[in-house]
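Open the model in your viewer and set it to cartoon. Keep a selection box ready for the stops below.

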Amino acid sequence: MALVTYVQHREMAEELAERFGFAVPPVDIRKIAEGLGIEVVEMTLPNWFFGVLVNLKEDFYIAVNKGMPDHSKNFTIAHELAHHQLHGDELAYMKNSKRDYFHREADVFAAALCMPTKMVKQEARKWCNDYHFLAEIFSVGETAMVRRLQEIGLLRDKLYPCKN
Ligand SMILES: [Zn+2]
């Protein structure tokens, strides 16, 4: 059983964004990776392969698919960064039977890192919950933005048309 909850994963992610001094969007995920000593490498990969955290003799790299749009690259880097912060050794969680659970945790962490609660509230108020525009300024996909606004309780739980 996991003793650490999604609430705590979100808090960890938001603390990380704050520690790097981000108070307005976008949160520069690459800068955070760099600050943690993780090199981000863009690679030509099959289109179903978003990215991976690699541990080479305790040197960490994040490989990200070069062919994806910027918002997908950002989220992928944030997701892999989450594995680094939450799960440490990539091989350990890739082999674990609770693998899906680890990836879900990483998604929760990544969403909070790219879209910290305080920042989202502040911008959502400024831009009247215009999730198309908010997605743009946070450099995330619209679907991810809507999900985050719903999580925070700023948008109703219904379907909103999203272009990415
Ligand atoms: Zn993952």
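The tour goes from the whole chain to the strands, then to one loop residue.

**Whole chain.** Keep in mind that this is a predicted model. Select the protein chain and colour by secondary structure: eight helices and three strands appear. Following the sequence, the order is α-α-β-β-β-α-α-α-α-α-α. Now show the C-alpha trace, which spans about 50 × 35 × 30 Å along its principal axes. The radius of gyration is 15 Å, and this agrees with the value near 15 Å for a compact globule because the chain has 164 residues. Of those 164 residues, 32% are buried. Among contacts with a separation of 6 or more, 55% join residues 24 or more positions apart.

**β1 and β3.** Select residues 39–43, strand β1, together with β3. The two strands pair in the parallel sense, over five bridges. Pick E39 and look across to β3, where Y61 is its bridge partner.

**β2 and β3.** Next, select residues 51–56, strand β2. β2 runs antiparallel to β3, and six bridges join them. Click L53; opposite this residue, in β3, stands I62. Then go to the hairpin of β2 and β3, with two residues between the strands. Check the backbone of K57 there: its phi is positive, near 45°.

**P69.** Move on to the loop between β3 (59–65) and α3 (70–86), where P69 sits. Is P69 buried or exposed? P69 is exposed, because only 12 or fewer neighbours are allowed for that class and P69 has 9 other C-beta atoms within 10 Å. Last, draw a distance from P69 to E123: the C-alpha atoms are separated by 23 Å, and the residues are 54 apart along the chain.

Notes:
Residues are numbered from 1 along each chain as its sequence is written. This is a predicted model: local features need pLDDT of at least 70, side-chain atom pairs count only at pLDDT 80 or more; totals for chains, interfaces and linings use all residues. Helices (H or I, at least four residues) and strands (E, at least two) are DSSP runs, numbered from the N terminus. The radius of gyration is taken over C-alpha atoms; the globule rule is 2.2 Å times the number of residues to the power 0.38. A residue is buried if 20 or more other C-beta atoms lie within 10 Å of its own, exposed if 12 or fewer, and partly exposed in between; C-beta atoms are placed from the backbone. Two residues are in contact if their C-beta atoms, placed from the backbone, lie within 7 Å. Two strands pair if DSSP finds at least two bridges between them.
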